[in-house]
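Colleague: I should like to learn how to read helix packing and ring contacts from a set of coordinates. May we work through an example together?

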Amino acid sequence: MALTLHSGLPDPALLADLVAANRILYDQGVVDGFGHVSVRHDRNPQHFLLARSMAPGLVTAEDIVEHDGDGEAAVELHGRILYLERYIHSEIYKAHPQVQAVVHSHSPAVIPFGVTKVKLQPIFHLSSFLAFGAPVFEIRDAGGAATDMLIRTPALGAALAQSLGAAPVALMRGHGDVVVGRSLREVVFRAVYTEVNARLEADALRLGGGKVAFLNDQEAANATETNAGVINRAWDLWKAEAMPVA
């Protein structure tokens, strides 16, 4: 099936990056059969691009669907099914115009930080962005005590977007996390190193008896500025590993 989009075809490079982002996140262990990544449509910033409901590691360009600002399909679906949690993306884009890309995952090492009192903090330079916050979203506050933990309505998506605030990451208690960025490559970088940081922090807390030397605010700010210039180095490697040329 040929890709058809209401707002016109996006930049081919953007579409290729969205496919690569899905594959990279799977290859790096951030997503498995579940999870998703989106990007704002470059021709219509009120709309966004997100795959149909499927395993991220199998996404191709033909699986990408243009969504409107409310998270609904902007084109004929031809039998394709949308992700239930597409409202994570639509409501974050509405609330945070600076956000250009969103990742939602069930990043394994992150889960414990959403269900305990231990704060997710930057333990090394590549996760310096975590110094800008990683609040915990409690779905019971927005949806009561009887949800299935999924962000399946715009109201729940809006509550998550509010909880995120200006932070780059929000943890979702008993569920996973959401990561935002100013580009697809940045959001993938952040999603990967959020998972890596969670593993390293858990190890350091065990080794240090709870006492860990985290990055201070100035170190984190300096490292974040440095990292902005090297994201493509990681992206190129991850893409080559996830999508080897035959």
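Modeller: We shall take helix packing, aromatic pairs and burial in turn, bearing in mind that this is a predicted model.

Colleague: At what angle do helix α6 and helix α8 pack?

Modeller: One compares the directions of the two fitted axes, and an angle of 65 to 115 degrees counts as roughly perpendicular. Here α6 (residues 184-207) and α8 (residues 231-242) pack at about 80 degrees, and their axes are 10 Å apart. The two helices are therefore roughly perpendicular.

Colleague: Which residues make the contact?

Modeller: From α6 come Leu184, Arg185, Glu186, Val188, Phe189, Val192 and Tyr193, and from α8 come Ile231, Asn232, Ala234, Trp235, Asp236 and Trp238. Sorted by class, the contact has 9 nonpolar, 1 polar and 3 charged residues.

Colleague: How many aromatic pairs does the structure hold?

Modeller: There are 5 aromatic pairs. In one of them, Phe189 and Tyr193 have a centre-to-centre distance of 4.9 Å and 55 degrees between the planes, a tilted arrangement.

Colleague: Why are Phe189 and Tyr193 separated by about one helical turn?

Modeller: The general idea comes from helix geometry. An α-helix has 3.6 residues a turn, so residues three or four places apart point the same way. In this case Phe189 and Tyr193 are 4 residues apart in helix α6, which means about one helical turn between them. Both Phe189 and Tyr193 are buried.

Colleague: What of the pair formed by Tyr193 and Trp238?

Modeller: Planes from 30 to 60 degrees apart count as tilted. The ring centres of Tyr193 and Trp238 are 5.9 Å apart with the planes at 45 degrees, so this pair is tilted. The pair links distant parts of the chain, Tyr193 lying in helix α6 and Trp238 in helix α8, 45 residues apart. Trp238 is buried, as is Tyr193. Ring pairs also join Phe124, Phe189, Tyr193 and Trp238 into a cluster.

Colleague: What covers the buried residues of α1?

Modeller: One lists the buried positions, then the elements over them. Helix α1 (residues 12-27) has buried residues including Leu14, Leu18, Ala21 and Leu25. The covering elements include β1 (36-40), β2 (48-51), β3 (64-67), β4 (101-105), α6 and α8.

Colleague: Is Glu91 buried or exposed?

Modeller: The cut-off for burial is under 20% relative accessible area. Glu91, found in helix α2 (residues 86-95), counts as buried because its relative accessibility is 9%. Apart from neighbours within four places in sequence, Glu91 is in contact with Pro154, Gly157, Ala158 and Ala161.

Terms used:
Residues numbered from 1 in each chain as written. Predicted model: local features only at pLDDT ≥ 70, side-chain atom pairs only at ≥ 80, totals over all residues. Heavy atoms only, no water. Axes fitted to C-alpha atoms, helices over the stretch in contact; angles between N-to-C directions. Parallel < 35°, antiparallel > 145°, perpendicular 65-115°, else oblique. Contact = heavy atoms within 4.5 Å. Nonpolar A, V, L, I, M, F, W, Y, C, P; charged D, E, K, R; others polar. Phe/Tyr/Trp six-rings, centres within 6.5 Å; stacked < 30°, edge-to-face > 60°. Buried < 20%, exposed > 50% of the residue type's maximum accessible area, 1.4 Å probe, protein only.
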